[in-house]
Amino acid sequence: MTVETSLLWIVLLPLLGAAVNGITAAAAARWGKKVPHGFSGAVAVAGPTLAFLLAVGVFRALQGMEEGHALVVNELFRWIDAGRFRADVTLLADPLSAVMLLVVTGIGGLIHYYSIGYMSHDEGHTRYFAYLNLFLFFMLMLILGDSLLTLFVGWEGVGLCSYLLIGFWFEDTEKAQAGMKAFVVNRIGDFGLLLGMLLIITTLSAGGEGTLVVREIAHRLGEFPPGVLEAVGLLLFAGAVGKSAQIPLYIWLPDAMAGPTPVSALIHAATMVTAGVYMIARMGFLYDHAPLASGVVLVVGAATALFAAIIGIAQNDIKKVLAYSTVSQLGYMMIGVGVGAYAAGIFHVFTHAFFKACLFLGAGSVIHAMHHEQDIRKMGGLLKKMPLTGWTFLVATLAIAGFPPLSGFFSKDEILWKAFSGENAALPWAPRFAWLLGTIAALLTAFYMFRLFFTAFLGKPRGKAVEAHESSPFFTVPLVILALGAALTGFLGVPSVVGGSNRFEHWLAPVFETSHGGGEAIGAAHAGGHGVEIGLMAGAVVIALLGTLLAYFLYVKRKEVPGRIAERHPALYTLVRDKFYVYEAVFAAVIYPVVSLSRRLLWRIVDVRIVDGIVNLAGHLSRGVSYTLRFVQTGQVQTYAFILFTALGIFLWKVL
Amino acid sequence: MNPPLVTGDMLRAAIPFILLAAGGTVVSLAGAWRSKRGALFAALFLVLAFWKLFPLLDLEKGIELWDGAVVADRMSAFLGGMLLLSGLFALIVSPPVLRREGRNRAEYYGLILFSLSGMVLFVSTTNLLVLFLALELMSIPLYVLSGYNRGDDRSGEAALKYFLLGSFSSAILLYGAALLFGATGTINMAAMTGGDPLLATAGAFLVLTGFLFKMAAVPFHMWAPDVYDGAPTPITSFMATSVKIATFGALLRIFSLAGGAANPFAHILTGENAAKILPWLAVMTMTLGNVCALTQTNIKRMLAYSSIAHAGYLLLGLIPGSGAVDAKGILYYLFAYLLMTTGAFTVVIALSTRDKGREVTGVERYAGIGFRRPFLGIAMAVFLFSLAGIPPTAGFFGKYLLFSGAVHRGLTPLVVVAVLNSALSVYYYLRPVVVFYMRDTDTPVRVDDALSLRVASLAAVVLLIWFGCLPNIGSLPGVPALLHWVGSAAAALP
Amino acid sequence: MESVLFWILSVVAVASAVLTVSRSNPLASALSLTVCLVAVAGLFATLSAHFLFIIQLLVYAGAVMVLVIYVIMLLNLKEREMKALGLSGPRVFVSSLVAVFVVALLARAQSGSGGFDPVSPVLDGSARRVAEIIFTSYVYPFEVVSILLLAAVVGVVVLGMKKF
C-alpha cells in the first residue's frame, strides 16, 4: 500500500466502523434484538487501531522525506464543479497534520478501548460507538483536508458528533439541553468562520479563481490588503473561540461534561477542542501578517487561561474541575499560536492530549467505581482503593501542574518563554501581559489540580469511596499508557537551553518556515536571554511547587481553612464558585437581549405584524384569487377552457 | 430506387420506443387472462428498454431518420432514461395501492407503457407530425389512468376535465403546426427557415401553448390541481414528473433549433414582443403556484401547486437572455425534481387512507408520524427540504445551477423573483414536517408498510442526497457522475 | 370556377357551423355539422386532395356523425333540457365578442406585415400519391398512429369495464 492510499484508509476506516455499528444499531432497533457488546466494541476499536498503525507508517514516510518537502498528497475527487467555483477533496499530510494524526488516532484508539469497559452496562453502546467512530472520521477530515472547505466540513461534523454524544443520554432533559447549548454557542463562532472563508474567496476572486485551498491562499497572500488580512484573521479566530472554548464562548464546554466521560476525554479535551488551535497554526502564514488579529488571539488566550483557572478552584464536580482546566490549557495554546510560536502551541496540544486524556479517563474510572458520584467532597482515600488509577492520576496531575521533567513542564514553559520573549507589532504590551497572566494561571493550575487530587485520593474514604475498588483492565491499560505518555512526551521538546534538541520544533519547522521562522527567530533575537530563560524555567518550577504546597496546606493539613475563607469572604467565594457569573453575564449581555429582541421586536412586530402579515396577506391574496376564480369557476371545465382561450387570445394579441 | 425501409441504424434509434409500445401491447394482452403480474411484465419491458437506451448515451453523433421523425442523440437518450426512471417508480409504487383496492389489472400497466412510449417519442423528434402523435400517445393513456379510481367521483371528474382541456390544447398545438407548415412548407422543425413571419410566429406560439398546457404553466394550469388531486396517487406522481420531463425535454430540443434567426421559434425567443412573454409566464407560474400552495391543507393539492411552481423555475432556464437556453440547468433540475416529487408522492401513498371510497390526504392526519414511523418521517423531510431547495440536497444544487445560469445570462430581476418565491415556498414545505414532528395525536394512522414503497422512497432519498452532496461523482463505481451525463446530453444539442 | 366554388363552399361551411351551435335541438345541430363537414370535404376536393375528400366524407360525415346521432338519441333529452342549449342573450354577446376579437386580431396582424404569405407547396392529394408516401417517407408516423389507436382502444376498454 502506498502512503497515499494509507492516507485514504486512515480516514475511511473509522467511517467504515461507524457505518457497521450504525447499521447494526438500526437493525437491532428494528427487530428488537440486542447487539452483543463485544461485537460493536471490537468493530469500533478496530478502525482507530488500524488507522493508528497506518498513521505511524505515514509518519515514518514523512520522516524519510527531504526536509521542507515532506508532503503526502492524495487528490481524491472533484467535489463541486459549478463553473466559477471549484472544490476538490484532497488529503494532505505534512509534519503538522502528521502530529495531529498520531494524537487523534492513537489517543482516540485508547479511548475507544476504554469505552468498551465504561459503556459495558449501557443499552445504547452500539449507537455510542457509531457516533464515536463517526467523530473520528470527521476529526481526520478536519486534520487532513488541504482546504478550509474540507476543514469546515470536518469542523461541523465533529460538532455534530459532539452534540450527539453530549446529549447521548437524551432521556435526561438537562443533558439534552447541554447538547443544545453547545450547538447554539458554536453556531455563533462558526458564523464567523464562515464569513472569514467567504471573505477569502471574495478577495481572491478579484485576482483569479476563488479558492479555499490552504497552500493556494499562502501562495497568493500578497493579494490580500492588510486590513482584509486582519479581518480574515479575526473572523477565523471567532470560529476558534467557539470551538476551542475561549472567552466569552467557553460556556458550553463545562456543560458538555454531561456526556459520557470517555467522550469528555476524547472530544472535549484531547482532540476536538484543539481544532481551533490547529486551524490558527495551519493559517499561521496569515496571522504572521495580521499583528492585530494575533494580538487579539494572544490576549483572549491569556485571559481565558487565567480566568478558567480561577473558576477551577471552587468547583466540586470532578469533571467540572477538569473541564475548566481544559479551558485554561486551551488558553495557553492560544497564547502560543497568538505570539507566533505555532510549534510551541501545537506541542502543548500534543502533551495536553496525553495528560488531560489520562486525567479524564482516571476521573471516569473513579466515577465508574463510585457509581456515578462526581462530587470530590464525597470521595477520599481512593489512592489506596484504586492504586493504578490513583498513581496514573498523580502522574498526569504533576504533568499539568508543570513539574519537570514531565511533559507539561516543557510545553507550558516553552509557551511562556515565547510569550515573554515575543513581540507584537499591533499590541506591544500583549506578549508580556500574556506571560504574566499565564504565570499566575500556572500557580492556580497547580493549586486546583492538587486540591482535586488531595481531596479525592488522599485522606479517609468517604461515602461510596469505602467500597470502591480498582477498575478492570479496560480502564487501567489506557491509563497506564497515557500516564507514560504524559510523563515522557516532554522529552521530544526539550529546549536547547537545557541541552535538549527540541526535536518537536524542528519537526514542525518546515511547515511554519513561511512565517518568520516560528519561535526560533525570536529566540535568536533574544540570544542574550539564555540566562533569562533558565531563570524563568526555575521560576516556573517554584511556582508549581508553591501551588502544590498551598493545596497541601489547605486540603491536607488544615482542612478547616478553606471553609473559613469561604465563610469570611462569602461574596468572593460564591463569585468564584459560580464561575464569575459569566454564563449569566453572557446571558444578560447577548442571549437575553437577542431573545427579548426576537420576542419583542422580531416576534411581536416583525414576525407577527410584518412576516405574518405578509404571509397572511399572501394567504388572503391567494384566497382572494381563488374567490375571484370561484366566481366563475367551482371546478367547472367550461371556465377552465374559457380562461385557457382568453389567455391565449391575450398572448396572441401581444405576440402578433 | 427507394432507400431500404428499415436499416440497423433505424432500429437502433427507435428501439426504445418500439420496446415500450410492444410492451404496452403485450401487457395489455395479459390483462385478457386477468393476470396479476402486469407490473412485473411491464417492468421487464422497461428494463429492456433501459438496456437498449444505454448505448445511446454515448452516441458520438446523433442519428436522424425520416425527415426528423426520429432523432436519437445523447439528449434524447438522457431524457428517455429519466422518463423510464419515472415509469419504473410508477410501476414500483402502484401495486400496493391497486392491490389494497382490488384493482390490480394488467391494463393499467399497459397504459403506463403506452404513455411512456409516447413520451420517449416526444423528446426525440423534430417532426411536427410525429410530435403531435407522440403528444396524443402520451396523453390518452393518462386521461384514462386519471379516471382509473372509479370508486371515487373525483377521479372520473379529473379524467373528464383532463381529457377535455387536453383535447383543446392538442387542437391548439395542431393548429399551430398547420400554420407553421403553411408558412414554411415543411413539417420538420429543424429544416424550417424564413417563411411568412406572421404565420410563423403565430404557429410557433400556438405550438408553444400546447406545451405550456402540458407543463401546467400559468395561466394554462387550471386543470392541474383538480387532476392531480383526483387521479390515483401513483398516477399523479407519474404525471407530475414524466409529463414535465417530456415537455421540457422537447422544448429544449425545439428552442435549441432556434439558434438560427430564421427559425420560426426564434421569433418567440428573440422577437420584440414575443420575447417578453416567456419571462412573464415564468414569473406568473412560480408566483401563483407558490401563493396557492400556501393555503392548501390537502397534501396532494399542495404538491400539485408546488409542481406548478417548479415549472416556473424551469421556465427560467428556457429564457435565453443574453445567452442560450440553459440545457444543463434544466436537465439537472428535472432529474432532481423527478426524485423529490416521486419520493414525496410515495410517502403520501404510504400514508393515505380511504374513507368511503375517497382518498384522504389532509396534512393534519399525519400528526406525530415522524416519531411513529421514523423512516417515512425522515424521508418526507428530505423530499420536502429538497423541494424547498435546502442544501445538501439535489434540489438545492439544481436551483443553484438554474439561478446562477440565469444571472449570467443577465436575468437578475427574474432570479430575484425566483429566490423570493423559493423563500416563500419554504413556508408551506416545512409545514408538513412540523406536523410530522411537532404535533401528536392519539388517533391511529394506518400506514402501508409495503416493501416496494420503502424501497422506492429509500432510493429517492439516497440519490437526492448523493447528487446534492456529490454532483461530480457517479453513484456507482465506473458510472460517470450526473453532472457529466447532463453536460454530455446538453452538448448534443446544436 | 374554382374561386366561385370556394366561396360557395365557404359560406355554406360557416353558415352551417353557426347553425350547429345555435340550434337548440341537438339533432338539428348534428345535421348542420354534417353539412359543414361535407362543405369542408368539398373544399378539399377543390384543392385536388381527393383522398382527403373521400376520407372526410366516409369517416367524418359518415361514421362519426352516425355515432354522434346515436349518442344524442341515447341521451333522449327532454324539451326543457333542449331549451337550455339554445342561443341566449349572454351567449350571443360573448360569441360576437370573440368573433370581433378574432377579426380584430387578424386585421391588426395583417396590417402590420401586409398580408399573409404562405408557401404553397405543390400538393398531389391523389390516393396513389398518398399511399406512396404513407408507406415510404411517413411509414414511421403511420406506425405510431397504429400504436396510438391501440392505446386508445385499451383505454376505452378499461373505462368501459363493468367491474374490475
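Biologist: How many salt bridges are there between chain B and chain C, and what would make a pair count as one?

Modeller: The model is a predicted one, and between chain B and chain C the count is zero salt bridges. To be counted, a pair would need a side-chain nitrogen of Lys or Arg within 4 Å of a carboxyl oxygen of Asp or Glu, and the zero therefore says that no pair counted between chain B and chain C meets that rule.

Biologist: What, then, makes residue pairs between chain B and chain C count as being in polar contact, and how many are there?

Modeller: The rule asks for a pair of N or O atoms within 3.5 Å, one able to donate a hydrogen and the other to accept it, and two residue pairs between chain B and chain C pass, both at pLDDT 80 or more. On the side of chain B that touches chain C, two or more residues each come from α1 (8–30), α4 (106–122), α5 (128–146), α6 (153–184) and α7 (197–214), with α5(B) giving the most, eight residues.

Biologist: How do you know how much area chain B and chain C bury between them?

Modeller: The size of an interface is often given as the accessible area lost when the parts come together. For chain B and chain C that area is about 2,900 Å², of which 80% is on carbon and sulfur atoms. L133(B), R150(B) and L198(B) supply 20% of what chain B buries there, more than any other three residues. In terms of contacts, 37 residues of chain B meet 32 residues of chain C.

Biologist: What makes up the interface of chain A and chain C?

Modeller: Five residues of chain A are in contact with five residues of chain C, and the two chains bury about 510 Å² between them. G649(A), W653(A) and L656(A) supply 87% of the area that chain A buries against chain C, more than any other three residues. Across this interface the rule finds zero salt bridges, while one residue pair, with both residues at pLDDT 80 or more, is in polar contact.

Biologist: Why is W653(A) called partly exposed?

Modeller: Buried means under 20% relative accessible area and exposed means over 50%; W653(A), at 32%, falls between these limits and therefore counts as partly exposed. This residue is found in helix α27 of chain A.

Biologist: What makes W653(A) eligible for the nonpolar surface patch?

Modeller: Patch residues need over 30% relative accessible area, and the 32% of W653(A) passes that limit. The patch, of about 820 Å², is made by F642(A), W653(A), F93(C), V94(C), L97(C), V98(C), F101(C), V102(C) and L106(C). Two elements give two or more residues to the patch, α27 (637–655) of chain A and α5 (89–113) of chain C; α5(C) gives the most, seven residues.

Biologist: Is L131(B) buried or exposed, and how do you know?

Modeller: L131(B), in helix α5 of chain B, has 1% relative accessibility, which is under the 20% limit, so L131(B) counts as buried. Leaving aside neighbours within four places in sequence, L131(B) is in contact with F122(B), T125(B), M189(B), F211(B) and I254(B).

Biologist: What share of chain A counts as buried?

Modeller: Of the 656 residues of chain A, 58% count as buried, which means that each of these has under 20% relative accessible area. Chain A holds 27 helices and two strands, and among its contacts between residues at least 6 apart in sequence, 79% join residues at least 24 apart.

Definitions and conventions: Residues numbered from 1 in each chain as written. Chains lettered and ligands numbered in written order. Predicted model: local features only at pLDDT ≥ 70, side-chain atom pairs only at ≥ 80, totals over all residues. Heavy atoms only, no water. Patch = residues over 30% accessible without salt bridge, like charges linked within 9 Å, V, L, I, M, F, W, Y side chains within 5 Å. Areas by Shrake-Rupley, 256 points an atom, 1.4 Å probe, with all protein chains shown as cover. Helix = DSSP H or I, 4+ residues; strand = E, 2+ residues; numbered from the N terminus. Buried < 20%, exposed > 50% of the residue type's maximum accessible area, 1.4 Å probe, protein only. Contact = heavy atoms within 4.5 Å. Buried area = accessible area lost by both parts, 1.4 Å probe. Polar contact = N/O pair within 3.5 Å; in protein donor to acceptor, adjacent residues only side chain to side chain.
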